[in-house]
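Biologist: I have this model open and I'm new to it. Could you walk me through a few parts of it?

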Amino acid sequence: MLIFYIFGCTQTTLPVSTSGPETVTDDTDDTDDTVEDTATTESLDSGLHDTADTATTIDTEDTGSEPSIAYDMAYFKSTHNSYSGEERGGIHTQLDAGFRGLEFDIHDNDFQTVQDYQLGHYLPGNEVDQEHGNPNGILLSDWLNHVKEWSIANPEHAPITITLDLKDDLTDNASFVDGSMDRLNDILINTLGNNLFTPMYFENEWPSVDTLRNRYIIVLSGHEESRQLYKRDRGNNPSIAINEDGKVMEVHDSGSGTLWYWTGQMTTDGSVEWKRHGSYDTGQTPAIALNNDGWFVEVHQSYTMSTLWSRLGYIDDDYTPIFGDSEQYDSGVQPSIRFTNKSGFTLREIHQSQNTGANWDWEVTINPTNNSLAWGAHEQTADPLHDKNTDSSQDWIEVLTDVDKTAGSDTLLYQTQSGRQRIRYPQIAFVEYQHNNAAELIDSETWFAAVGSGSTSTLTSWNNAGLITRQWGFSETDSQNLMSPPNFPAVDSLSFDWYNDYDTQITFVE
């Protein structure tokens, strides 16, 4: 098991898991984009070269006497749909030829069966070359390990940038075991490990190519909402709980009847490493309480009625919440709940009457032997509802929704002694922006951008704005643009003479 350093150099173990559903989206890269389009840089200005919310540092000093070119100023030989073989050759052939930009299209179909994402163009397996030394299969982990095998055999290579084109909607996968994006993070970490260069390492400017030798940089492309919700989450009516070990659990509703959770771990600097994310029920206005043994009680109102429901559960060693069955315990609105002592198993629930607005409470006890709740005394009370947005133990934490940069007012945020940050997945991958995407994709951290063949004006404006650019379907006509070339000119063949001539003019890094 690999130990990966994230969020302020704290150690985090991200274990392997399984599973997930399916959907197929349009092939983003293969849009007919051969006519020149126009793009402005208005939405690009505010986020340029922002640092990640929580960044660790790596040694950015070069070992040689003269520093090499910075990564964002370099040009790298690249292929489009690298897995497709044909004139591209196998992956090792591409890497042997000095190509350092690869692209894998991935799907989440049948995740629960195969326990991995699968490569393919329009569908899993479509146009995947399983010959010419490539893996005999279509699992993402196998193809990442295939790249890693070449890297180990060829030390001191320039960083390999792998674009993962998300062909499916990963946001509708219910949990880690179903193939949600924390599972994608897990696969990246467990295959490429500590040689990943992530947004959490980024500090104000890019390191040199020499500093990044032997490393991998992952960029998410494709399905737009998946890219958006990798960088932030959105929701309504959030509630938070924390115990003395710093374990954190947050619940919220979607605004359209779905209930979602996050679990995480508070670190010594007060930031939270968010671990697991998923949906668990239907309803609205949820509240959560968590004790020191990892037991939790969740309460919520029905989405369509004024009935109140509860779920008992516990957080396992992998930070996965194990939910019991949903049970109705009363009628009312605005439920709230807290442990009377986080070292014990008794709680007090307070909610409002749907008719009079008066507050009523319940005494609740967990029986951990048979995993059940006992509902005790129940009466009207003058006490206010529990503050479900804030909780404290050894430390305190608050959750809220608000505008964050260009992300909307439904952005889920948390606040601790370390300040205010987004509730979101650990940023293992960078995120790519494409023409007409939502501005929030480029409003924080450092970002990449991609456009198809022929879009010279868009490419030029993005280069001028400081983006790291990729141009797929790169053609001989595109190669005439020597004033503002893409960092990653992604071709469909290794054998173009004009591409080799292009190398002599812009100088690719290997």
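Modeller: What follows goes from the whole chain to a pair of helices, an enclosed helix and some single residues. This is a predicted model, in which local features need pLDDT of at least 70 and side-chain atom pairs count only at pLDDT 80 or more, while totals for chains, interfaces and linings use all residues. Residues are numbered from 1 along each chain as its sequence is written, and side-chain values use heavy atoms, with hydrogens and water left out.

Biologist: Okay, how many helices and strands are there in the protein?

Modeller: The protein has 7 helices and 28 strands, where helices (H or I, at least four residues) and strands (E, at least two) are DSSP runs numbered from the N terminus. Of its 510 residues, 59% are buried, with buried meaning under 20% relative accessible area, exposed over 50% and partly exposed in between, for a 1.4 Å probe and protein chains only.

Biologist: At what angle do α3 and α4 pack?

Modeller: Helix α3 (residues 140-153) packs against α4 at an angle of about 30°, and their axes are 9 Å apart; axes are lines fitted to C-alpha atoms, for helices over the stretch in contact, and angles run from 0 to 180 degrees between N-to-C directions. That makes α3 roughly parallel to α4, because angles under 35 degrees count as roughly parallel, over 145 as roughly antiparallel, 65 to 115 as roughly perpendicular and the rest as oblique.

Biologist: And which residues of α3 and α4 make the contact?

Modeller: From α3 they are Leu140, Ser141, Leu144, Asn145 and Lys148, and from α4 they are Leu184, Ile187, Leu188, Thr191 and Leu192, with contact meaning heavy atoms within 4.5 Å. By class, this contact of α3 with α4 has 6 nonpolar, 3 polar and 1 charged residues; Ala, Val, Leu, Ile, Met, Phe, Trp, Tyr, Cys and Pro count as nonpolar, Asp, Glu, Lys and Arg as charged, and the others, Gly among them, as polar.

Biologist: Switching helices, why is α5 described as largely enclosed by the rest of the structure?

Modeller: Helix α5 (residues 224-231) is described that way because 6 of its 8 residues are buried. Those buried residues are Ser226, Arg227, Gln228, Leu229, Tyr230 and Lys231, and they pack against β6 (160-166), α4, β7, β24 (419-422) and β25 (430-434).

Biologist: What about Arg338, is that one buried or exposed?

Modeller: Arg338, which is found in strand β17 (residues 333-339), counts as buried because its relative accessibility is 11%. The side chain of Arg338 reaches the backbone oxygen of Ile288 at 2.8 Å and the backbone oxygen of Asp387 at 3.0 Å.

Biologist: Which backbone oxygen does the side chain of Gln471 reach?

Modeller: The side chain of Gln471 reaches the backbone oxygen of Gly452, at 3.2 Å. Gln471 lies in strand β27 (residues 468-472) and is buried, with a relative accessible area of 2%. Leaving aside neighbours within four places in sequence, Gln471 is in contact with several residues, including Val451, Leu459, Asp478 and Phe488.

Biologist: Last topic, what is the phi of Glu86?

Modeller: Glu86 has a positive phi of about 50° although it is not a glycine, and its place is in the loop between β3 (77-79) and α1 (91-96). Glu86 is exposed, with a relative accessible area of 62%.

Biologist: And where is Asn204?

Modeller: Asn204 sits in the loop between α4 (181-192) and β7 (216-222), and has a positive phi of about 70° although it is not a glycine. At 53% relative accessibility, Asn204 counts as exposed.

Notes
A polar contact is a pair of N or O atoms within 3.5 Å; within protein, one must be able to donate a hydrogen and the other to accept it, and residues adjacent in sequence count only if both atoms are side-chain atoms.
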